[in-house]
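Me: I'm new to reading protein models and would like to go through one slowly. Can we do it as questions and answers?

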Amino acid sequence: MSMSDSDTSSQGGSEYKTFRQISRDRLLYEMLRSAKTGDSKSSWKVLIMDKVTVKIMSYACKMADITDEGVSLVEDIHKRRQPLPAMDAIYFIQPTKENIVIFLSDMSGRSPLYKKAFVFFSSPVARELVNHVKRDGSVLSRIGALREMNLEYFAIDSQGFVTDNERALEDLFGDEESSRKGDACLNLMANRIGTVFASLREFPYVRYRAPKSLDPTTMTTFRDLIPTKLAAGVWNSLMKYKSNLPNFPQSETCELLILDRSIDQIAPVIHEWTYDAMCHDLLNMEGNKYVHEIPGKNGGVPEKKEVLLEDHDPIWLELRHAHIADASERLHEKMTNFVSKNKAAQIHGSRDGGELSTRDLQKMVQALPQYSEQIEKLSLHVDIAGKINKIIRETGLKEVGQLEQDLVFADAGTKELINFLRVKEDVSRENKLRLLMIYAAVYPEKFEDDKISKLMELARLSPDDRTAVYNMRLLEASSETKKSSIVPFSLKFDAHKKKHAARKDRPGEEVKWQLSRFYPMIEELVEKLSKGELPTNDYPCMNEPSRSFHGTPGSPSASLRTGQIPAPHSMRSRRPSTWARPRNSDDGYSSDSILRHASSDFKKMGQRIFVFIVGGATRSELRVCHKLSTKLQREIVLGSSSIDDPPQFITKLKLMAADELSLDDLQI
C-alpha cells in the first residue's frame, strides 16, 4: 500500500514546487492519472468521494483539471448511484468502516456498479479494514489499485492549509473543559497534520509552545497543554510514517512550530487593512465567493454574477496583500493607463474625465471584445474596492481602526476608550464589541476590578456580546494570568509608565500606510525560529538529535543541544514577491505577468517552515507567511484548525461558554 516514488521535500528535486502545487499534482497525477492503465487509456471514469475528500479535492484542483484527467462524472459515495458497468471508478475516500462497506456493496456480486475500481485512501487505513476487503473474492479481482494517498488536509492557499476542525475553539478552550471531546479533536488534527508531511515527504523538527503553569502551586489545565498534546500526536504519526512509508526522510528536512490561539488574541479581532482581509471582513462573502452585479444589456435589469477571488485571477494575486488605500490607487492607475492607451476606451469611457462607472466599463467590454477578460477583471476589482471604501467612510472605520491600533501599542488606554464610547454613539455594535475585546486582551487584569463590565455597560453591549468579551479570558496565556494574580503591585508600575503595550514598533519596519502598524505575533516567532533564537524553554523540541547528524558541528541537532535551530543554508536567488515589489505603472492588464512569475518566485528555496495554530488562524497571519517567505528565503506554510474572519471568530467565542446558545440565537 505504498505511494509512488516522488521526491517532494524542500531539499530534493530539480524544480521547486509550492505546498499547494505538490498537493494538486499528487491528486491529479499520482491518483487520477495513475488509473489510466493499459486498455482504459482513452475511456472516461467516475470519481467517487465522501464529504471530506470532496472538500480536499475542491481546494486543490479545479473541475477542468479533473476533467482533463479523464473524469466525466463526480459522485458522492453516500448517495444512491446509477450503475455504469462499462466504466471504471476511482474512489478517493476516508478509510472508515462505513465507506469500506459501501465500496464492497458497490463492487461485489454478479452486477457491480463499475467495471474496475481504483481505491485511494486519504489517510492510513487500519489493517482489519484491508482484510475485510481482501476476504471478498469477487471484489478483489475488480480492484485496479488499493493505496494510501496520505492527503487529508485542505489547501486553502498556495502556502496555507486547514484541518477543518471548525469547533476546535469550543471543544478545546471552552469553559466546560471536556478532555474526551478535546482529545478526539486533537487526535483528528494530529493525524491530518501528519498527512501534510507524508504527502510532501518532509520530516520536521517539531517545536511547540510549552505549558506556562508547570510549577508546584498551580494546576496545569487541559487548555494549557493543548500544544504539548498536539505535538505528541503529530510526533506519533510521523514515527509511523518514518517506519512504514517508502522514501520518507530519515533525518529532518524542515521545521514545524505548534502554537495555539492564546499566543495572540488580538489578531483575530482587530481590523486588518489589506484588500484580502477587508473583502472577507466587510463584504459578507461566502468563502472566496463574491457576488458581482453587472449592468444589464441595453440598460436592462442588472445581472448578478458569482466570481471566485482566487490565485487564478492575476489582479487579485497582485493586490490581495496590499493596503486597501494602495490597492485602490493601483486600480485607478491601471484603469487610467488602460484608457489612455486605447482610443476606443476613451470614446466609451467617462466623457467628463471623471471616475469610470461600472456601466462605462461594461460599454468598453462590448466595444473592445479582445480586451473583455482584462476589463471585466479590472471592473470587478474597481467595484469591490469602491464598496469597501464606501463602508469605511460610512461606518467611520478609520477612527475605530486608529483607536484599535493605539490601544495595542499603548498610545491610548481606558480614558481614550471611555471618551470614544461616549462621543461616538453611532459606531456599530460590532465595532464597539471588537474594541472592547481588544481592550480585554491588552488589559486582562481589568476583569478583576470590574472595569471591563462598566465599559460594556457604557457601550450598551447585548448579553451575548458580553459573553464574547468575557470569553477572551479563556484564551489568556497562563503566564499573564499568573502575573496579574500573584504580583498585583506590578500593575501600578505599568499604569505609571503607561507602556502596557501588547506590541512594540518593530525596528527597520517602515509603516507606509495609515493603520498598517499592527503585526501578528507569529511574525516575531517565525523570524526568531528561522534565526535560531527561539528559546527552547518556552518552545521545546520533540526530536532526539538525529543519529546521522551526531558529531557534525553546526548541524541541526548540534544547534538544538544549544537551544537553537539553524538558519537554513539558503539555496536561492529570488525576486521579491509581488505584494512587496515597488509599483511600476502598467497598461492596466499586465498583472498577467504576476501569474507567470508566481511559481518561479520559489526557485531554490531553503528549508520550509510550517506554523500550526490551534483554534483558528487569520488572514493577517497568512499574509505574514507570504511576506516572510520573501524576507527569509524560505517557504513559510501556515496551518490551522480553521481560518476565521472576525465575525466567525466572534461567533465561535460566544459559543464557547454556554450550551444553551445556538447559532440562531447569535447576532454578529
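Reply: Sure, here is a set of short questions with worked answers on this predicted model.

Me: Let's start with the overall build. How many helices and strands does the protein chain have?

Reply: The chain runs to 668 residues, and 56% of them are buried. Its secondary structure comes to 27 helices and 13 strands.

Me: Now contacts along the chain. Among those between residues at least 6 apart in sequence, what share joins residues at least 24 apart?

Reply: Here we're asking how contacts are spread over the sequence, leaving out pairs that sit under 6 apart. Of the contacts that remain, the share joining residues at least 24 apart is 79%.

Me: What about the outside? What percentage of the accessible surface belongs to carbon and sulfur atoms?

Reply: The accessible surface of the protein chain is about 29800 Å². The part that belongs to carbon and sulfur atoms is 50%.

Me: Let's go inside. How many residues are in the largest nonpolar core?

Reply: In soluble globular proteins, nonpolar side chains tend to be buried together. In this model, F92, L172, M189, L230, Y275, I388 and V469 touch the most other members of the largest core. That core's residue count is 151. Apart from it there's another core, with A89, I100, V119 and V139 among its members, and its count is 24.

Me: Y275 was on that list. Which tryptophan does Y275 touch, leaving out residues up to four places away in sequence?

Reply: The partners of Y275 include L319, R320, A322 and I324. Others among them are H381, I384, A385 and I388. The tryptophan on the list is W316.

Me: On to cysteines. How many disulfides does the structure hold?

Reply: Take two cysteines as examples: C61 is buried at 7% relative accessible area, and C279 is buried at 0%. Being buried doesn't settle the matter, because a disulfide needs a pair of cysteine sulfur atoms within 2.5 Å. The number of disulfides in the structure is zero.

Me: I'd like to look at R26. Which residue offers a backbone oxygen 2.8 Å from a polar atom of the R26 side chain?

Reply: R26 lies in helix α1, which covers residues 19-32. R26 has 3% relative accessibility, so it counts as buried, the limit being under 20%. The backbone oxygen lying 2.8 Å from its side chain belongs to M149.

Me: Salt bridges next. Which residue forms a salt bridge with E621?

Reply: Side chains of opposite charge can pair when their charged atoms come close. The structure holds 42 salt bridges. In the one with E621, the closest N and O atoms are 2.7 Å apart, and the partner is R261. This pair links distant parts of the chain, with E621 in helix α26 and R261 in the loop between β9 and α10, 360 residues apart.

Me: And is that partner, R261, buried or exposed?

Reply: E621 is buried, with a relative accessible area of 0%. R261 has 0% relative accessibility, and anything under 20% falls in the lowest class, so R261 counts as buried.

Me: Which parts of the structure does the salt bridge of K289 and E306 tie together?

Reply: The side chains of K289 and E306 meet at 4.0 Å, N to O. K289 lies in residues 289-294 and E306 in residues 303-308, so the pair ties together strands β10 and β11.

Me: Is E306 buried or exposed?

Reply: K289 is partly exposed, with a relative accessible area of 28%. E306 has 54% relative accessibility, and the limit is over 50%, so E306 counts as exposed.

Me: How far apart are the closest N and O atoms of D465 and R429?

Reply: D465 is buried at 0% relative accessible area, while R429 counts as partly exposed at 30%. The two form a salt bridge, and the closest N and O atoms are apart by 2.5 Å.

Me: Last one, about backbone angles. What is phi of R201 near?

Reply: R201 sits in the loop between α8 and β8, and R201 is buried with a relative accessible area of 2%. Phi of R201 is a positive value in a residue other than glycine, near 55°.

Conventions
Residues are numbered from 1 along each chain as its sequence is written. This is a predicted model: local features need pLDDT of at least 70, side-chain atom pairs count only at pLDDT 80 or more; totals for chains, interfaces and linings use all residues. Side-chain values use heavy atoms; hydrogens and water are left out. Buried means under 20% relative accessible area, exposed over 50%, partly exposed in between (1.4 Å probe, protein chains only). A nonpolar core is a set of buried Ala, Val, Leu, Ile, Met, Phe, Trp, Tyr and Cys residues joined through side-chain atoms within 4.5 Å. Contact means heavy atoms within 4.5 Å. Helices (H or I, at least four residues) and strands (E, at least two) are DSSP runs, numbered from the N terminus. A polar contact is a pair of N or O atoms within 3.5 Å; within protein, one must be able to donate a hydrogen and the other to accept it, and residues adjacent in sequence count only if both atoms are side-chain atoms. Accessible areas come from the Shrake-Rupley method with a 1.4 Å probe; for residues, only the protein chains shown count as cover.
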